[in-house]
Amino acid sequence: MTLKLLRKAGFFSLIALFSFEISAQTEKKMPPIIDVHVHASKVNPAFASDLCPWFLTSMPGSGPNQPAPSFLNNDCVDPLKAAKSDQEMQDAIISATERLNVTMVVSGDAEIIHNWYNAAPDRIIPSIGIGQNMSVEAFRDSLSGGFYKVMGEIAPQYQGKSPSDMSLDEYFGVAEELGIPVGIHMGTGGNGMANITSPSYRASMGNPFLLEDMLARHPKLKIWVMHAGYPMIDEMIALMGANAYVYVDLAGLIWSYPQDEIHDYLKRLVQAGFGKRILYGTDLMIWPKLLETSIGLIQNATYLSYDQKRDIFFNNAVRFFNLDASKFE
Ligand SMILES: [Zn+2]
C-alpha cells in the first residue's frame, strides 16, 4: 500500500469514526423513566381544551351566584395542546414515550389501553380500576387474565367515601391475594371540585389517615397514595412512618399547583426520609406535552441530587412494581 493510499484509508476511517460517533449520540437514550399514573380515555373534541400548566397558581375569586369559573385555564403564553382525536393522542403519546424513554402505568378506557399496548407493548403497563357495578368475581376474573398488572385508579373520595369503606374491602382483598399493587387517589382535587365539578367529592375523604383501617385489614397489600395526599403532608408522613410499605406518587399536583408549593411538598417528603418511596407520575390525560412539563419540574429541583431524581423517576418504581430493571437498558 502506498503512503497516499494509507492516508486515504486513514482519512476515510476518521470520517467513519466521526459519523459513528454522531449516530451513537443521536441514538443515545434518555435514562429510563416510569410514569406510574396515566389515564387513557376516549378523546371528546368538544371538551378537549388546551391547558396552562400550574394553572392553580391563581385560583379565581368568584361567588356562588356568578358564572362558575372554568376548571382549567388556557390563558397563558404557550398552553399545552389537547389531542383532538384518539389516533392523534395515541401517535403523540407513543412517540413521546420512545423519545423520552418512558414506560407508563395506564388505567382508564379498556379499548384505548389495548390500542396503546398493541402499538407499544414494552411501554405500557395496563392497570384496571373497579368498573361501575363490577362484581368482585368479575374483578377477579379480569385480573386473573394476566393483561392487567396493577389496580387503579381507585378514587372513593369522588363519591364522598373513605378508602377504608367496607364496600371496597373485598376488591382490595383480591389484589392482596393476587399480589397486585394498588393506586389510591388521596388528597388533591382542584379548584371547586366539591361545588363545581363533582358534588359528592369531599376534601376530608382524602386524608391519608383514612387508609389505616384498610391497611390493617390487608397486611400483604401493596399500595401507593396517588397525588401524595396533597396537601396533607403531616398526615402523609405519619402514615408512611407507621406503614413501611406505603409509597406515594406526585401525579396531578406536579403540573397544576404553584411550583413553589409543589417543591415545598416534595422537599418535605424527601427531608422526612422518604426519598425511596416517591414515584414519578403525571396524571396525563389528553395533553401529550405534559410528559415534558412534568419531567422538567423534577429535573429542575435543585434540592435533589442526581441519584434522588433517578430514584423518583425509575428505581423506586422498579422496586415497588417488582419490575426487571435489565429490561429497560
Ligand atoms: Zn387521582
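Among contacts in the protein between residues at least 6 apart in sequence, 75% join residues at least 24 apart. The structure described here is a predicted model, and its C-alpha atoms fill a box of roughly 85 × 50 × 40 Å when this is taken along the principal axes. Of the 329 residues, 36% count as buried.

**Helices, strands and the sheet**

The protein contains twelve helices and eight strands. An open sheet of eight strands is formed with parallel pairing, in the order β1-β2-β3-β4-β5-β6-β7-β8. Strands β1 (33–40) and β8 (278–279) stand at the edges, where each has a single partner strand, so one side of each is left without a neighbour in the sheet. Within this sheet, β3 (residues 124–128) and β4 (residues 150–154) run parallel and are joined by two bridges; Ile128 has Met151 in β4 as its bridge partner.

A record also covers part of the chain: an unreviewed UniProt entry lists residues 34–323 as "domain: Amidohydrolase-related". Over residues 34–323 the chain is 37% helix and 13% strand, and the C-alpha atoms at the two ends are 11 Å apart.

**The nonpolar core**

In soluble globular proteins, nonpolar side chains tend to be buried together. The largest nonpolar core in this model has 77 residues, and those with the most contacts inside it are Val106, Val225, Ala228, Val248, Leu279 and Tyr280. If its neighbours within four places in sequence are left aside, Val225 is in contact with Ile184, Met186, Pro208, Met236, Val246 and Val248.

**Backbone details**

Which backbone angles deserve a closer look? The table lists two cis peptide bonds with their omega values and two residues other than glycine with positive phi.

| Place | Feature | Angle |
|---|---|---|
| Gly152 to Glu153 | cis peptide bond | omega near -10° |
| Tyr230 to Pro231 | cis peptide bond | omega near 5° |
| Trp54 | positive phi | near 60° |
| His227 | positive phi | about 65° |

Glu153, at one of the cis bonds, is found in strand β4, whereas Pro231 lies in the loop between β6 (223–226) and α8 (233–242). His227 has its place in the loop between β6 and α8, and Trp54 is in the loop between β1 and α2 (86–100).

Are Trp54 and His227 buried or partly exposed? Trp54 has 19 other C-beta atoms within 10 Å and is therefore partly exposed, since a residue needs 20 or more to count as buried. His227, with 30 C-beta neighbours inside 10 Å, counts as buried.

Methods. Residues numbered from 1 in each chain as written. Predicted model: local features only at pLDDT ≥ 70, side-chain atom pairs only at ≥ 80, totals over all residues. Pairing = 2+ DSSP bridges. Helix = DSSP H or I, 4+ residues; strand = E, 2+ residues; numbered from the N terminus. Buried ≥ 20, exposed ≤ 12 C-beta atoms within 10 Å, placed from the backbone. Contact = placed C-beta atoms within 7 Å. Core = buried A, V, L, I, M, F, W, Y, C linked by C-beta atoms within 7 Å. UniProt positions renumbered as here; feature names shortened; annotations may be inferred.
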